[in-house]
Amino acid sequence: MAAALNHVRAAWQAQPTFSSYRAAAATVEQLHLRGQLVFTNGVFDLLHAGHLRSLEYARGLGDALVVGLNSDISVNGLRRAGRPVIGQFARAELLAALRCVDAVIIFDEPEPLGLIKTVRPDIPVSYTHLTL
């Protein structure tokens, strides 16, 4: 039982989560070496099956997927009061645990334009692309 629990813990923490691009730079460069780097972003509050399908679709477009995650500060500017329900670090941990996600970067701006310029994805995927 303990071995199985340790395996789950190891898998849960397998993908990196970063609170800034500076911290993510080396990982993003390694992901670029895999081939086509895909980038998408969102709030991902109350993660659900639609989020999962959208992220799997985005990952299928390339060789690695980086997810930009709106910080709690940026969500407060985008949504009504009381959001997000789940804090940024818990949302990042949930996203990073998904097999289709290779890295998560938290950003404070309302839009990820600066992050996109820094990550330099081969394939940027917006929410409109992800609506299935």
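Helices here are DSSP runs of H or I with at least four residues, strands are DSSP runs of E with at least two, and both are numbered from the N terminus. The model shown in every view is predicted.

**View A. Helix H2 and the glycine after it.** Gly35 follows H2 and has a positive phi, near 140 degrees. The helix has 14 residues. From first to last C-alpha H2 reaches 19 Å, close to the 20 Å expected at 1.5 Å a residue. H2 nevertheless contains a kink of about 35 degrees, centred on Thr27. The buried residues of H2 are Tyr21, Ala24, Val28, Leu31 and His32. Because an α-helix has 3.6 residues a turn, residues three or four places apart point the same way. What do the buried residues of H2 pack against? Their partners are strand E1 (17-18), E2, strand E3 (64-70), E4 and helix H6 (113-119).

**View B. Salt bridges of Asp102.** The closest N and O atoms of Asp102 and Arg34 are 2.8 Å apart, and the two residues form a salt bridge. Asp102 sits in the loop between helix H5 (88-96) and strand E4 (103-107), while Arg34 belongs to helix H2 (residues 21-34), so that the pair links distant parts of the chain, 68 residues apart. Asp102 also forms a salt bridge with Arg59, with the closest N and O atoms 3.1 Å apart. Here the distant parts are the loop between H5 and E4, which holds Asp102, and helix H3, which holds Arg59; the separation is 43 residues. Together, Arg34, Arg59 and Asp102 are linked in a network of salt bridges. Which class of exposure does each member fall into? The cut-off for buried is under 20% relative accessible area, and partly exposed lies between that and 50%. Asp102, at 6%, is therefore buried. Arg34, at 46%, is partly exposed, and Arg59, at 22%, is partly exposed as well.

**View C. The salt bridge between Arg83 and Asp45.** The closest N and O atoms of this pair are 3.3 Å apart. Arg83 lies in the loop between helix H4 (72-78) and H5, and Asp45 in the loop between strand E2 (37-42) and helix H3 (49-60), so the salt bridge ties together parts that are 38 residues apart in sequence. Both Arg83 and Asp45 are buried. The salt bridges in the model come to five.

**View D. The open sheet and its pairings.** Five strands form the sheet in the order E1-E4-E3-E2-E5, with parallel pairing. E1 and strand E5 (123-124) are the edge strands, and each pairs on one side only. E2 and E3 run parallel and are joined by six bridges. Within this pairing, Asn41 stands opposite Gly68 in E3. E3 also pairs with E4, in the parallel sense, over five bridges. In that pairing Val66 stands opposite Ala103 in E4. Is E2 enclosed by the structure or open to the outside? Five of its six residues are buried, so E2 is largely enclosed by the rest of the structure.

**View E. The nonpolar cores.** The largest core has 16 residues. Leu55, Leu65, Val67, Leu69, Leu95, Val101 and Val104 touch the most other members. H3, E3, H5 and E4 each supply at least two residues of this core. A separate second core has 14 residues, including Phe18, Leu31, Val66 and Val119. In soluble globular proteins, nonpolar side chains tend to be buried together.

**View F. Surroundings of Leu69 and Gln88.** With neighbours within four places in sequence left aside, the contacts of Leu69 are Gly42, Val43, Phe44, Gln88, Arg91, Ala92, Leu95, Val104, Ile105, Ile106 and Phe107. Gln88 is found in helix H5 and is buried, with a relative accessible area of 16%. With the same neighbours left aside, Gln88 is in contact with Leu69, Ser71, Asp72 and Ile106.

**View G. Glu93 and Thr17.** Glu93 is placed in helix H5. Its relative accessible area is 39%, so Glu93 counts as partly exposed. How far apart are Glu93 and Thr17 in sequence and in space? They are 76 residues apart in sequence, and their C-alpha atoms are 7.0 Å apart in space.

Definitions and conventions:
Residues are numbered from 1 along each chain as its sequence is written. This is a predicted model: local features need pLDDT of at least 70, side-chain atom pairs count only at pLDDT 80 or more; totals for chains, interfaces and linings use all residues. Side-chain values use heavy atoms; hydrogens and water are left out. A salt bridge is a side-chain nitrogen of Lys or Arg within 4 Å of a carboxyl oxygen of Asp or Glu. Buried means under 20% relative accessible area, exposed over 50%, partly exposed in between (1.4 Å probe, protein chains only). The expected span of a helix is 1.5 Å times one less than its number of residues. The bend at a residue is the angle between axes fitted to the seven residues ending there and the seven starting there. Contact means heavy atoms within 4.5 Å. A nonpolar core is a set of buried Ala, Val, Leu, Ile, Met, Phe, Trp, Tyr and Cys residues joined through side-chain atoms within 4.5 Å. Two strands pair if DSSP finds at least two bridges between them.
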